[in-house]
Amino acid sequence: MVMRRLSQRSPLLLTDQNGFTNTKFFKSIEFSTSTPTSETLNFSQQISDFLKQNNWKTIMVSSHIPSKLNPDVIRAVLHQNQVGDPKRLLDFFYWSQSQMGVPQFLDSFSILAVQLCNSELFGLANGVLTQMIRTPYSSSSILDSVLFWFRNYGGSSPVVFDILIDSYKRMGMLDEAANVLIRCNSLLKDLLKCGMMELFWKVYNGMLDAKMGFDVYTYTYLVGALCKTGDLRGAKRVLIEMDEKGLNPNEFIYSMVIEGMCQVGDIDEAVELKRSMGEKGLVPNTYTYTIITAGLCRAKRMNEAKLTFEEMQKTGLKPDYNACSALIDGFMREGDIDEVLRIKDVMVSCGIPINLITYNVLIHGLWYCREHNMGRALELLDEMEKRNLVPSAVSYGAMINGLCHCKDLSLANKLLEKMTFSGLKPNVVVYSTLIMGYASEGRIEEARRLLDGMSCSGVAPDIFCYNAIISCLSKAGKMEEASTYLLEIQGRGLKPDAVTFGAFILGYSKTGKMTEAAKYFDEMLDHGLMPNNPLYTVLINGHFKAGNLMEALSIFRRLHALGVLPDVQTCSAFIHGLLKNGRVQEALKVFSELKEKGLVPDVFTYSSLISGFCKQGEVEKAFELHDEMCLKGIAPNIFIYNALVDGLCKSGDIQRARKLFDGMPEKGLEPDSVTYSTMIDGYCKSENVAEAFSLFHEMPSKGVQPHSFVYNALVHGCCKEGDMEKAMNLFREMLQKGFATTLSFNTLIDGYCKSCKIQEASQLFQEMIAKQIMPDHVTYTTVIDWHCKAGKMEEANLLFKEMQERNLIVDTVTYTSLMYGYNKLGQSSEVFALFEKMVAKGVKPDEVTYGLVIYAHCKEDNLVEAFKLRDEVVGKGMLTKGTIHDLLITALCKREDLTEASKLLDEMGELGLKPSLAACSTLVRSFHEAGKMDEATRVFEGVKSLGLVPDTTTLIDLVNGNLNDTDSEDARNLIKQLV
């Protein structure tokens with residue numbers, strides 16, 4: 001076969017035309033020289049001292065040194081190398097040669113060549129080696145000498161051999177070069193071991209150029225080099241080449257290639273190569289099985305690794321520590337603790353010593369695995385002690401770590417005490433693990449004691465120790481105490497990290513102190529620390545809860561400015577906050593941006609938006625989002641269905657709400673108490689109390705117990721229907737179950753009042769106080785209102801006085817009810833007094849209040865004040881109905897000021913207000929009585945165009961008052977506006 005040259009990067013095998021020589025493997029070179037005498041050493045020391053001087057030649061020439069120079073002294077000077085300057089030593093070497101009459105020792109050449117190469121003075125080294133070759137010494141002697149001094153100086157540069165071979169070749173001494181290269185197997189071994197791969201290939205290619213024959217050792221190093229450089233194809237070709245030349249690869253070479261394949265992850269190829277060994281009559285040894293077992297473990301192919309291990313045992317081979325260790329590590333990663341312990345038993349039965357490292361792995365794995373089997377880990381700790389293996393700090397650390405994760409802090413603390421008692425010093429990791437364990441359980445005092453104990457033990461706490469305590473205190477809202485530890489951190493020279501600042505931000509946000517939270521946020525940024533998305537979420541939520549809408553917006557904008565991509569949770573929190581503040585369009589914009597950035601909204605995001613739309617009354621948009629999330633495979637949860645049901649009920653679409661309610665089980669959801677409550681309330685408000693009770697009776701059979709809201713809704717429904725007996729029965733049931741609240745009493749009292757059963761309402765009011773369920777301002781206002789409507793102003797005033805004594809809110813409705821009562825009795829002065837008092841106390845009148853006061857002024861014929869109040873209402877933009885204008889028109893007609901009355905009617909049209917039929921009839925009648933028929937006809941035509949009367953109505957019908965009673969109509973208009 002034609003010989004081919006191997007390249008440095010991907011060398012290929014070549015075949016020697018002369019065949020392979022059966023040379024022995026060159027293991028080491030035993031080269032030595034005679035020991036210098038004391039006289040030689042003293043003289044060499046003197047020369048070395050002179051060489052340290054720049055004018056060393058002048059000093060030596062003028063001394064006795066030249067006459068006493070000999071090769072032994074020269075070698076001693078070069079070997080001692082006290083000068084530290086290889087160039088000066090070379091100059092001395094050449095100068096001394098001219099002073100002596102005898103040649104230099106071969107060792108001197110070698111020493112100089114090695115030292116010059118070590119100093120990267122390769123040109124000078126080349127000159128020395130060239131002179132060395134010209135000496136009468138054989139190439140073998142020269143190589144032996146160079147090898148001896150190469151090894152004598154630790155860390156020598158192998159380039160010296162490259163220069164030596166090149167020097168022989170350059171001088172045309174190819175036979176000598178070949179003789180040198182025959183000895184190069186040892187050199188290849190050293191270069192491979194040192195990782196000097198570039199020089200390895202130079203030497204190897206030199207051997208090829210010299211047409212050397214390779215033995216099994218050369219091929220062994222070649223395979224090793226190819227595997228080391230990752231050229232496994234080249235390594236396999238070496239095996240083929242060896243077969244072709246009759247130089248059969250042995251188990252060691254096969255194992256080397258198999259190991260290389262396992263290292264690059266080519267496990268299947270490695271297994272196949274092991275199988276082919278049998279075909280060649282080779283039996284894989286323990287090492288071969290071990291490297292394949294380890295490779296399979298690294299590839300997480302544990303079943304195959306287990307079978308390979310068992311195959312090794314069946315062939316009679318004894319497993320070694322490395323195979324067992326690889327299996328233990330692999331099964332640990334898979335959490336298969338049973339297999340781990342089985343392999344451990346194999347180690348014991350095979351007499352393989354289990355060392356501290358293995359025990360530590362086992363202990364660590366026992367808590368790390370799914371079982372968190374700390375009991376078994378403790379048994380291993382005892383087993384170690386029985387085997388006279390003293391648990392190390394790592395052993396105790398792993399146990400303490402495991403116990404803390406299993407929340408067995410008491411036992412973890414006992415192990416810490418045992419550890420210190422045995423003379424082992426816990427490190428900061430052990431302490432921080434325990435501190436974090438106590439802190440996570442909220443046991444802050446124990447965590448503090450450990451922190452204080454660290455200093456006594458000479459262990460400086462790190463930032464993790466402090467972070468655990470600060471986080472614990474912050475979660476508990478103890479921010480002042482947390483701040484003292486921040487000062488301690490700074491006093492120790494430690495730097496607060498993102499966790500430290502995050503704990504303060506979280507703590508202050510939780511307690512609603514957003515100014516402080518913002519301060520720590522800014523300080524965090526000043527320290528160059530970037531907050532993560534969860535921290536932004538906390539801040540945004542905190543600002544929204546505190547009502548700081550603009551601050552929440554600012555934080556979200558800052559997040560973008562800092563180049564942080566908000567995640568789904570942060571966007572969802574922001575959307576939720578915007579919706580809570582009625583900023584629906586902005587929430588939708590953020591939602592769109594979220595999708596544009598490729599983020600997938602989660603169920604919480606959709607839940608917030610759907611709930612927001614339902615609360616805004618935009619149910620169809622809510623359903624569009626519902627359909628969108630379903631198309632994306634996001635299953636709506638119970639909160640979304642509850643929001644949709646609530647939205648439909650509030651929009652009056654109770655049938656669609658019921659259909660959604662009935663379809664929930666098909667979606668894998670069961671209606672909860674909120675769903676039932678919403679439906680029952682919806683039925684009650686839509687006057688279908690029977691269906692509400694049907695659902696009420698169904699609830700217990702579905703495992704849902706009715707609560708106070710359900711009862712209150714049903715009581716309200718019964719009251720609305722006037723079924724006070726049923727309402728009272730429900731109410732008594734509520735009292736028995738402890739569900740009755742102020743709202744319950746208020747609903748029932750209002751029901752009795754609307755049924756004109758004031759006495760029953762009053763009795764219930766007294767019962768309420770007796771049961772220590774305190775009436776609120778709604779209770780008082782309801783009773784006051786109905787007393788006023790019944791004309792019982794004395795009782796109403798007593799309640800009004802009592803209400804103020806209890807420091808309850810007296811609102812617009814309360815004052816308006818009283819004014820209505822006094823108006824009904826014709827006590828206008830009381831109306832005016834209440835109005836002045838109301839305004840003085842900062843209670844804002846509404847349109848109804850103004851209407852009642854204007855009505856009183858009209859009754860008193862005080863139209864100037866009435867018009868002033870009318871102007872005030874218009875100026876405030878409160879005018880929504882035509883009642884006030886109706887009252888004024890009627891009053892002007894009584895004064896026979898028909899021109900102003902007509903103007904006021906026209907003004908109503910300009911304001912978009914619809915006049916009442918009573919006011920219009922009064923004006924038409926007044927114009928008719930005044931003989932102004934044209935004006936009467938004009939107003940009458942307006943009445944017809946507004947649809948206030950049938951088309952068949954005539955002017956005379958209106959004049960004769962056949963259609964209404966003006967006074968009673970005025971009264972009814974006011975009554976309808978009362979709350």
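**Exercises on pockets, pairs and rings**

The second largest pocket holds about 270 Å³ of space. A pocket here is an open set of points on a 1 Å grid over the protein atoms alone, where a 1.4 Å probe fits, with protein on both sides within 12 Å along at least five of seven lines; a lining residue has an atom within 4 Å of a point. Its volume is the space filled by probe spheres set on points joined across faces, edges and corners.

The structure is a predicted model, in which local features need pLDDT of at least 70 and side-chain atom pairs count only at pLDDT 80 or more, while totals for chains, interfaces and linings use all residues. Residues are numbered from 1 along each chain as its sequence is written, and side-chain values use heavy atoms, without hydrogens and water.

**Exercise 1.** Identify the residues closest to the centre of the second largest pocket, and the elements that give two or more residues to its lining.

*Solution.* Step 1: the lining of the second largest pocket consists of 14 residues, and Asn712, His716, Leu743, Thr747 and Asp750 are the closest to its centre. Step 2: α39, α41 (708–721) and α43 (742–754) each give two or more residues to this lining. Helices are DSSP runs of H or I with at least four residues, and strands are runs of E with at least two, numbered from the N terminus.

**Exercise 2.** Describe the largest pocket by its volume, its central residues and the elements that line it.

*Solution.* Step 1: the volume of the largest pocket is about 420 Å³. Step 2: 19 residues line the largest pocket, and those closest to its centre are Ser607, Ser611, Gly612, Lys615 and Ala643. Step 3: two or more lining residues come from each of α33 (568–580), α35 (603–615), α37 (638–650) and α39 (673–685). Step 4: α35 supplies the largest share of the lining of the largest pocket, with 7 residues.

**Exercise 3.** Determine how many salt bridges the structure contains, and examine the bridges of arginine 443 and arginine 583.

*Solution.* Step 1: a salt bridge requires a side-chain nitrogen of Lys or Arg within 4 Å of a carboxyl oxygen of Asp or Glu. Step 2: by this rule there are 36 salt bridges. Step 3: arginine 443 is bridged to glutamate 446, with 3.2 Å between the closest N and O atoms. Arginine 443 has a relative accessible area of 34% and is partly exposed; glutamate 446, at 22%, is partly exposed as well. These terms follow cut-offs of relative accessible area: buried is under 20%, exposed is over 50%, and partly exposed lies in between (1.4 Å probe, protein chains only). Step 4: arginine 583 is bridged to glutamate 586, and here the closest N and O atoms lie 2.3 Å apart. Arginine 583 is partly exposed at 26%, and glutamate 586 is partly exposed at 29%.

**Exercise 4.** Where along the chain do arginine 938 and glutamate 935 stand in relation to each other?

*Solution.* Step 1: arginine 938 and glutamate 935 form a salt bridge, with the closest N and O atoms 3.3 Å apart. Step 2: arginine 938 and glutamate 935 are 3 residues apart in helix α54 (residues 933–945), so about one helical turn separates them. Step 3: arginine 938 is partly exposed, with a relative accessible area of 37%, and glutamate 935 is partly exposed at 30%. Step 4: elsewhere, Asp72, Arg75 and Asp107 belong to one network, joined by salt bridges that share partners.

**Exercise 5.** Count the aromatic pairs, then classify the pair of phenylalanine 92 and tryptophan 95.

*Solution.* Step 1: the whole structure contains 21 aromatic pairs. Step 2: the ring centres of phenylalanine 92 and tryptophan 95 are 6.2 Å apart and their planes meet at 35 degrees, so this pair is tilted. Rings of Phe, Tyr and Trp (its six-membered ring) pair with centres within 6.5 Å; planes under 30 degrees apart are stacked, over 60 edge-to-face, and the rest tilted. Step 3: both residues belong to helix α5 (residues 86–99), where phenylalanine 92 and tryptophan 95 are 3 residues apart, about one turn of the helix. Step 4: phenylalanine 92 is buried at 0% relative accessibility, and tryptophan 95 is buried at 10%. Step 5: one aromatic cluster is made up of Phe693, Phe696, Tyr711 and Phe739.

**Exercise 6.** Is glutamate 929 buried or exposed, and how many residues along the chain lie between it and valine 959?

*Solution.* Step 1: glutamate 929 is part of helix α53 (residues 917–929). Step 2: glutamate 929 has a relative accessible area of 64% and is exposed. Step 3: glutamate 929 and valine 959 are 30 residues apart along the chain, and their C-alpha atoms are separated by 8.8 Å.
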